[in-house]
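Subject: Structure for your review

Dear colleague,

I am passing on the structure we spoke about, and below it you will find my notes on its pockets and its ligand. Please read them with the sequence and the 3D view open beside you.

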Amino acid sequence: KHGGKNAVGFYDPSVHSLTEQQHLIDREMLGLTGRHELSLVFQPIYGLQTHELHSNEALVRWNHPLLGTVSPGVFIPLAEANGQIVPIGNWVMQEALAAAAQWRAVGLTRVNVSVNVSPLQLIQPGFVEFIQRELTRQGLPGDALVVELTESRAIYDREQSLAIMRRPRALGVRLALDDFGEGFASLSQLRDLPLDAIKLDRNFADGLRSDNPQTVRYARGLIKASVSLAEHLGVMLVAEGVEDAGQEEILRELGCLRAQGYHYMRPKPLPELLEEVRRRDLK
Ligand code: C2E
Ligand code: CA
Ligand code: CA
Ligand code: CA
């Protein structure tokens, strides 16, 4: 079995230079969706007051027979650069919607699916029709899908991109802004975006458990400000990267309603996630 130490998620100078590795990954990405090397794992977004599952976020995994596990943090940016994000992203969308149909059929009738979508996918002609077709095929209403868009310049630059972002909403599909606090969104841009949720970058939750009291105070202040910003905009605030009960306690106290992270569940393949949900009697 290959993989393990062979993984390309990190730099291994003894095997290839970093650029050689990137070229290799680039090359291996061609035809990827036809080779059964991709899979999805899912991670719940959990209601801090309701104790309910709100949505499961789909996260892609690539297991190459020789390269081992290639982290999405490595290959997604390369796929965005070489254009392969379009077939890969479409594959993810199809599989994620099929999974949502499956968990809805076994009792998680109100749990949505969150799918990461790159700006390049969003601007493809026919993207909205593609989503519409896949939703219909799986018998899902539009509001079962949350599209997560990463904060980036590309999203805000033009009026045109705003118009494009509004299009999936016609299907009832919801939009979440990913990694908020890490990128470029300004307050006026936030106001213009047709958002349903904002996902607070993991750095915020991390700051809550720093040894430095000043860092903790600062993180609390930023989260508090984000809570009122979200209330003002009428969007849901989701804290990412929550790893322990202490962080959860503070988030709840500050009025954050939703959270995601290892404290609730690690990303898991669908059968394992369903098993865990059953075991813990989550709804
Ligand atoms: P993201 O969308 O911000 O996803 C959250 C990342 O944080 C995931 O990493 C997840 O496994 C990890 N994570 C979740 N909870 C915790 C926690 O409590 N602590 C820590 N330390 N980490 C946590 P992953 O799966 O490696 O994905 C990395 C990034 O790759 C994602 O960040 C997303 O931007 C991108 N990505 C993943 N799948 C897709 C996809 O299907 N399409 C696109 N366009 N991008 C994807
Ligand atoms: Ca995300
Ligand atoms: Ca994120
Ligand atoms: Ca991220």
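The space that ligand 1 takes is the largest pocket, and please keep in mind throughout that this is a predicted model. That pocket has a volume of about 1200 Å³, and its lining is made up of 39 residues, of which E57, L59, N116, D178 and D179 lie nearest the centre. By class, this lining divides into 15 nonpolar, 13 polar and eleven charged residues. Several elements each supply at least two residues of the lining, and they include strand 1 (38–47), strand 2 (53–64), helix 2 (72–82), helix 3 (85–105), strand 6 (174–180) and helix 9 (202–207).

Turning to the ligand itself, there are 21 residues around ligand 1, and those that come nearest are Q43, R61, D178, E243 and Y262. D178 is thus named both among the residues nearest the centre of the largest pocket and among those that come nearest to ligand 1. The shell around ligand 1 consists of nine nonpolar, five polar and seven charged residues. Strand 2, helix 2, helix 3 and strand 6 each give at least two residues to this shell, with the largest share, four residues, coming from strand 2.

Three side chains deserve a look in the viewer for their polar atoms. In R61, an N or O atom of the side chain is 2.9 Å from an oxygen atom of ligand 1, while for S118 the distance from a side-chain N or O atom to a nitrogen atom of ligand 1 is 3.1 Å. In the case of D179, a side-chain N or O atom is 3.2 Å from an oxygen atom of ligand 1. As for cover, ligand 1 has 810 Å² of accessible area on its own, and the protein covers 83% of that area.

There is also the second largest pocket to consider, which holds about 430 Å³ of space. It is lined by 21 residues, and the closest to its centre are E52, L53, H54, V111 and K283. Two elements, strand 2 and helix 12 (270–280), give two or more residues to the lining of this second largest pocket, and helix 12 provides the largest share, three residues. Sorted by class, the lining of the second largest pocket has nine nonpolar, six polar and six charged residues. Strand 2 therefore appears in both accounts, as an element listed for the lining of the largest pocket and for that of the second largest pocket.

With best wishes

Technical notes:
Residues numbered from 1 in each chain as written. Chains lettered and ligands numbered in written order. Predicted model: local features only at pLDDT ≥ 70, side-chain atom pairs only at ≥ 80, totals over all residues. Heavy atoms only, no water. 1 Å grid on protein atoms, 1.4 Å probe; cavity = no way out; pocket = protein on both sides within 12 Å on 5 of 7 lines; lining within 4 Å. Points joined across faces, edges and corners; volume = space filled by probe spheres on them. Nonpolar A, V, L, I, M, F, W, Y, C, P; charged D, E, K, R; others polar. Near = heavy atom within 4 Å. Polar contact = N/O pair within 3.5 Å; in protein donor to acceptor, adjacent residues only side chain to side chain. Areas by Shrake-Rupley, 256 points an atom, 1.4 Å probe, with all protein chains shown as cover. Sits in = over half its atoms within 2 Å of the grid points.
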